[in-house]
Amino acid sequence: MTTSSEDVLLAIKRVRQKKQDGILFLMAERIAWTPEGKDRFTVSHLYADIRCQKISPDGKAKIQLQLVLHTGETTNFHFTNESSALKDRDAVKDLLQQLLPKFKRKTNKELEEKNRMLQEDPLLFQLYKDLVVSQVISAEEFWANRLSLNSVDSSLPNHKQEVGISAAFLADVRPQTDGCNGLRYNLTSDIIESIFRTYPAVKQKYAENVPHNMTEKEFWTRFFQSHYFHRDRISMGVQDLFSECAKLDDKGLKTMVGQGVKNPLIDLTSLDDQTLDEGYGVSSAPSSSGCTKSVKETSNTAIIKRFNLHSAMVLAAGLRKHEPQNEQNSETSSTDGNSRDSDFFQPPLKKVKLQEAIEYQDLKQENGKKTIALTLKKSERYSHGPVPVQSQPYTTSQDIINSVNYIKHEMDNYTPHLNHVLSSSAASSAITALSPGGLLMQGGAHQAINQMVPNDIQSELKHLYVAAGELLRHFWSCFPVNSPFLEEKVVKMKSNLERFHSSKLRPFQEKVQRQYLSTNLTGHLEEMLQASYSKFHMWQSKRMIRKT
Amino acid sequence: MASDDELSLLLIVVDVNPLWWGRKAQEEPEFSLSKCIDAIMVLGNSHLVMNRNNRLAVIASHCQESHFLYPSKHWKGGDFASDENSAGSRDGKFELLTVANDLIVQEIKHLTARTQVRGQQTDTLLAGSLAKALCYIHRVTKQLEAGQEMKSRILVIKAAEDCASQYMNFMNVIFAAQKQGVLIDACVLDAESGLLQQACDITGGLYLKIPQTTSLGQYLLWVFLPDPDQRSQLVLPPPVHVDYRAACFCHRNLIEIGYVCSVCLSIFCNFSPICTTCETAFKIALPPVLKAKKKKPKLGT
């Protein structure tokens with residue numbers, strides 16, 4: 001049953017698969033299942049083939065484990081042991097979780113990549129069908145050029161775009177009622193990341209507590225239960241994990257306000273509740289004489305403070321990476337905590353921005369760039385049109401005088417006879433010349449070729465051109481033949497071309513002829529193939545000469 | 001279907017070079033300038049009658065000037081009865097046609113009457129006439145009421161040969177017409193004109209060289225009367241193969257492959273070490289000289 005070198009890591013009895021009872025074995029490299037009483041494995045999957053595993057949710061009656069393979073197949077195992085089904089299933093799951101990453105196949109990525117490319121580009125798919133499926137060219141040659149392009153691309157996704165924080169992420173975590181008086185929060189990794197970025201204090205707490213003191217689930221449950229999270233953040237009395245966070249947040253807000261706004265042109269302090277002194281975002285810390293205010297005011301200011309902090313954090317989180325630290329330090333030195341001085345201080349950054357807005361480079365005076373003028377000797381040559389110099393009929397001045405007088409005389413006596421513009425014979429001869437097939441209509445026949453050839457033949461011709469182009473590209477890229485690899489490739493390509501010629505081009509030609517189309521559709525393709533044959537023969541004869 | 005508000009302007013540029021016409025009329029008396037003007041008037045009238053909104057303009061292209069035959073500055077529009085010369089329509093024709101015809105006749109007579117004989121100016125000022133035509137089209141477009149659209153085309157009836165010295169102006173006019181969306185059609189009576197072939201190719205118009213000049217009227221009505229929109233539905237003469245080859249600067253031969261100076265972009269048919277236009281010196285790379293292989297002296301002996 002098992003090969004001698006395999007050691008069984010885990011064996012679970014009473015596992016059903018496809019309504020049959022059996023035993024599930026987890027070996028070092030594969031997972032297998034045998035029906036009760038039989039000898040051999042009916043189901044066996046290498047860990048390398050398994051893409052992922054899924055388990056049935058906790059509440060369900062049936063305890064199942066599903067394996068999804070790379071090929072998309074799924075296999076279900078149902079654990080039916082009354083006492084220990086859940087334990088069994090979890091044991092299997094954990095073991096698989098440890099083992100699967102070891103066997104994750106890297107090479108499959110290539111296959112997926114190839115499939116993806118073929119699916120995305122129908123032209124490529126058609127080319128693949130034409131060339132590889134019909135054995136004209138081997139698959140490796142086909143992918144030789146293309147995959148190299150893609151491996152370059154795969155390095156690019158490393159520079160992932162930085163994702164910003166949605167301002168409503170906390171609101172998006174909409175609790176769902178769990179039936180019996182509980183609330184269910186769905187936390188995704190995105191939301192968790194956003195919480196950590198906005199509230200670094202929470203991140204710290206998480207790092208401290210998980211996984212030593214409590215599980216992740218417990219941590220988040222506590223988080224949502226804490227008053228820190230809820231509206232009325234009157235965190236007095238209730239000793240919470242997160243009451244420290246509130247204090248840290250206050251401290252953070254104070255320092256941020258103390259730093260002032262670096263670029264007052266993107267000034268948001270005018271939206272502030274508190275009245276600030278004249279100045280550019282510099283203010284003293286809000287007087288925290290909170291005890292004299294009423295409770296309502298306290299809660300209002302608390303909410304507003306939270307919103308301010310939240311927005312400030314969200315903005316800062318996006319900018320944090322790009323602002324160099326020096327800038328921050330220089331700004332804080334120039335903008336003091338005192339509001340009086342701000343009148344005399346213009347933050348340099350603001351000045352620069354204003355300057356940019358005022359000045360237009362076009363309107364400044366030109367700093368004359370040194371140019372070299374073109375010296376032309378006979379510039380009238382340019383104005384002469386492409387009219388070849390022809391011998392003009394010689395006109396003497398007498399001719400000119402005669403012509404002019406004649407015209408003058410004629411026009412003097414001119415009265416229009418619009419009834420006698422055209423004689424009927426002249427008209428009919430003109431009409432004959434203009435009718436299809438007439439003297440003037442000779443060039444028209446060439447245009448109809450795309451109407452004479454049916455569409456399917458046109459598309460087949462297009463496919464032939466694409467396939468031939470691909471083969472010819474491989475062939476011609478071998479020249480100049482420098483290495484033995486190229487020599488082999490040239491010979492192989494020549495045979496490929498001949499195979500293409502006989503297997504694809506000739507049948508097409510015959511088909512076209514059978515349909516009585518007299519147009520020579522494949523002439524150009526034949527020319528290209530003949531050119532490559534003659535080049536090959538020339539190269540071969542040169543090689544023979546060199547050898548002898 | 002063209003909407004009622006769409007105007008169609010046909011601008012006819014007639015080559016009335018007196019030298020060519022005079023010489024031609026002496027050779028073949030059946031076809032003369034008068035017959036040509038008659039045919040043009042027939043075309044103009046037909047165009048005006050096709051649609052109430054159609055407009056017409058005629059320019060005469062002379063050696064000395066380009067003159068608008070219609071509409072004319074001397075026309076005082078309005079009350080015809082007061083004008084002694086044209087006592088209304090004599091044969092029950094649409095008033096506009098009568099006016100147009102009379103004006104054309106009047107103007108061409110004045111134009112030829114004031115022709116002066118000059119030896120050097122023997123070429124038709126075609127580029128200038130086309131430029132005037134484009135300006136007229138531009139002016140009319142600006143005078144349209146809001147919401148009205150106008151499609152315009154120029155029909156050139158060419159008699160004399162091409163003038164090489166007008167090449168630059170001609171090409172500028174062609175490109176301007178292409179930008180404005182104005183078609184240039186050409187009806188050539190005598191010698192094939194490469195410039196007009198290019199003009200028609202670039203702007204999308206029709207080029208036709210007429211085998212028989214006596215049937216000019218028929219050709220005009222058959223080929224050049226329909227609007228550009230309708231031309232796709234009709235079987236018309238196929239486009240001519242245009243020769244876009246450049247001419248070398250030294251001999252004025254049309255060449256396909258030549259040498260171009262990289263400094264002044266002048267074209268030559270032969271390589272010369274100094275460009276004659278801008279006097280830049282050039283070197284041409286010679287193929288590498290293969291060194292003869294040294295044979296190793298035989299050892300021994």
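How many bridges join strand β6 (residues 63-69) of chain A and strand β7 (residues 74-79) of chain A, and in which sense do the two strands pair? The first legend takes this up. Keep in mind that everything here comes from a predicted model.

**View 1. Strands β6 and β7 of chain A, side by side.** Here's the answer: β6(A) and β7(A) pair in the antiparallel sense, over six bridges. To find your place in the pair, look for A:Leu65, which stands opposite A:Phe77 in β7(A).

**View 2. The sheet of chain A, strand by strand.** Step back a little and the pair turns out to be part of an open sheet of seven strands with antiparallel pairing. Reading across, the order is β4-β3-β2-β1-β7-β6-β5. At the edges you'll find β4 (43-46) and β5 (50-55) of chain A; each has a single partner strand, so one side of each is left without a neighbour in the sheet. The strands aren't lined up flat, either: neighbours in this sheet are turned by 30° against each other on average, ignoring direction.

**View 3. Helix α1 of chain A on the sheet.** Now add helix α1, residues 85-103 of chain A. This helix lies across β1 (8-17), β2 (20-27), β3 (30-35), β5, β6 and β7 of chain A. Against β6(A), helix α1(A) runs at about 25°.

**View 4. Where chain A meets chain B.** The contact takes in 47 residues from chain A and 64 residues from chain B. About 4,800 Å² is buried between the two chains, and carbon and sulfur atoms give 69% of that area. How many salt bridges are there between chain A and chain B? The count is zero. Polar contacts do turn up, though: ten residue pairs make them across this interface, counting pairs with both residues at pLDDT 80 or more.

**View 5. Chain A's side of the interface.** Three helices of chain A, α13 (380-383), α14 (397-412) and α15 (424-434), each supply at least two residues of the side that touches chain B. The biggest giver is α14(A), with eleven residues. Sort this side of chain A by class and you get 27 nonpolar, 14 polar and six charged residues.

**View 6. B:Asp227 and its contacts.** Over in chain B, B:Asp227 is found in the loop between α7 (216-224) and α8 (228-231). Which residues does B:Asp227 contact, leaving aside its neighbours within four places in sequence? They are B:Ser8 and B:Arg153. With B:Arg153, the B:Asp227 side chain makes a side-chain to side-chain polar contact at 3.1 Å.

Conventions:
Residues are numbered from 1 along each chain as its sequence is written. Chains are lettered from A and ligands numbered from 1 in the order in which they are written. This is a predicted model: local features need pLDDT of at least 70, side-chain atom pairs count only at pLDDT 80 or more; totals for chains, interfaces and linings use all residues. Side-chain values use heavy atoms; hydrogens and water are left out. Contact means heavy atoms within 4.5 Å. Buried area is the accessible area (1.4 Å probe) that two parts lose on being put together, summed over both. A salt bridge is a side-chain nitrogen of Lys or Arg within 4 Å of a carboxyl oxygen of Asp or Glu. A polar contact is a pair of N or O atoms within 3.5 Å; within protein, one must be able to donate a hydrogen and the other to accept it, and residues adjacent in sequence count only if both atoms are side-chain atoms. Helices (H or I, at least four residues) and strands (E, at least two) are DSSP runs, numbered from the N terminus. Ala, Val, Leu, Ile, Met, Phe, Trp, Tyr, Cys and Pro count as nonpolar, Asp, Glu, Lys and Arg as charged, and the others, Gly among them, as polar. Two strands pair if DSSP finds at least two bridges between them. Axes are lines fitted to C-alpha atoms, for helices over the stretch in contact, and angles run from 0 to 180 degrees between N-to-C directions.
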